Amino acid sequence: MNRVLGTMLAATLLMTSVGGALAAKNDKEEMIVCPVLHQKIAKSKAIKVVHNGKTYYVCCDSCAEQIRSGKFK
């Protein structure tokens, strides 16, 4: 019985440490500031827009459209 509990405890601790490592990785994710609305967002969730050879990362479709249309300076 103690062996089973020990094995279960070890498996639980391993899963907890892996989950913690994954959460820590997300905490270190690169953040960007949308040049249109000046909101801070994770780069992985940002929309990449290339306009006139320059790359922008924006927070939403509306901001992306402003850059594509040339309304943003």
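**Loop residues, nonpolar core and cysteine pair in a predicted model**

At 73% relative accessibility, N52 counts as exposed. This residue is found in the loop between β3 and β4, and its phi is positive, about 55 degrees, although N52 is not a glycine. The structure described here is a predicted model. A second case of this backbone geometry is H38, a residue other than glycine with a positive phi near 60 degrees. H38 belongs to the loop between β1 and β2 and is exposed, its relative accessibility being 61%. Most residues other than glycine have a negative phi. A positive phi is also taken by G70, in this case about 85 degrees, just after α2.

The chain has two helices and four strands. Read from the N terminus, the order of these elements is α-β-β-β-β-α. Helix α1 covers residues 2-27, and helix α2 covers residues 61-68. Between them in the order of elements come the strands: β1 at residues 31-33, β2 at 40-42, β3 at 47-51 and β4 at 54-58. Of the 73 residues in the chain, 16% are buried. The accessible surface of the chain amounts to about 5800 Å², and carbon and sulfur atoms hold 58% of that area. Among contacts with a sequence separation of 6 or more, 19% join residues that are 24 or more positions apart.

In soluble globular proteins, nonpolar side chains tend to be buried together. The largest nonpolar core of this model has eight residues, namely C34, V36, V49, Y56, V58, C63, A64 and I67. Two elements, β4 and α2, give two or more residues to this core. Helix α2 supplies the largest share, three residues.

The buried residues of α2 are C63, A64 and I67. They lie on the same side of the helix, because the arc that they cover around its axis is only 100 degrees. An α-helix has 3.6 residues a turn, so residues three or four places apart point the same way. The cover over the buried residues of α2 includes strands β3 and β4. For I67, with residues up to four places away in sequence left out, the contacts are P35, V36, V49, H51, Y56, V58 and F72. I67 is itself a member of the largest nonpolar core, as are V36, V49, Y56 and V58 from this list.

Strand β1 contains I32, which is buried with a relative accessible area of 11%. Not counting residues up to four places away in sequence, I32 is in contact with Q39, K40, I41, K43, A46 and Y57. The C-alpha atoms of I32 and C59 are 9.0 Å apart, while 27 residues separate the two along the chain.

The structure holds one salt bridge. It is formed by E30 and K43, whose closest N and O atoms are 3.9 Å apart. E30 is in the loop between α1 and β1, and K43 is in the loop between β2 and β3, so the pair ties together parts that are 13 residues apart in sequence. Both partners are partly exposed: the relative accessible area is 48% for E30 and 28% for K43. Side chains of opposite charge can pair when their charged atoms come close. K43 also appears among the contacts of I32.

No disulfide is present, the count in the structure being zero. The cysteine sulfur closest to that of C34 is in C59, at 3.7 Å, which is too far for a bond. The cut-off applied to a pair of cysteine sulfur atoms is 2.5 Å, and C59, with the sulfur of C34 as its nearest cysteine sulfur at 3.7 Å, is therefore in no disulfide. C34 has a relative accessibility of 0% and counts as buried. C34 is listed in the largest nonpolar core, which also includes the cysteine C63.

Methods: Residues are numbered from 1 along each chain as its sequence is written. This is a predicted model: local features need pLDDT of at least 70, side-chain atom pairs count only at pLDDT 80 or more; totals for chains, interfaces and linings use all residues. Side-chain values use heavy atoms; hydrogens and water are left out. Buried means under 20% relative accessible area, exposed over 50%, partly exposed in between (1.4 Å probe, protein chains only). The arc is that of the directions from the helix axis to the C-beta atoms. Contact means heavy atoms within 4.5 Å. Accessible areas come from the Shrake-Rupley method with a 1.4 Å probe; for residues, only the protein chains shown count as cover. A nonpolar core is a set of buried Ala, Val, Leu, Ile, Met, Phe, Trp, Tyr and Cys residues joined through side-chain atoms within 4.5 Å. A salt bridge is a side-chain nitrogen of Lys or Arg within 4 Å of a carboxyl oxygen of Asp or Glu.
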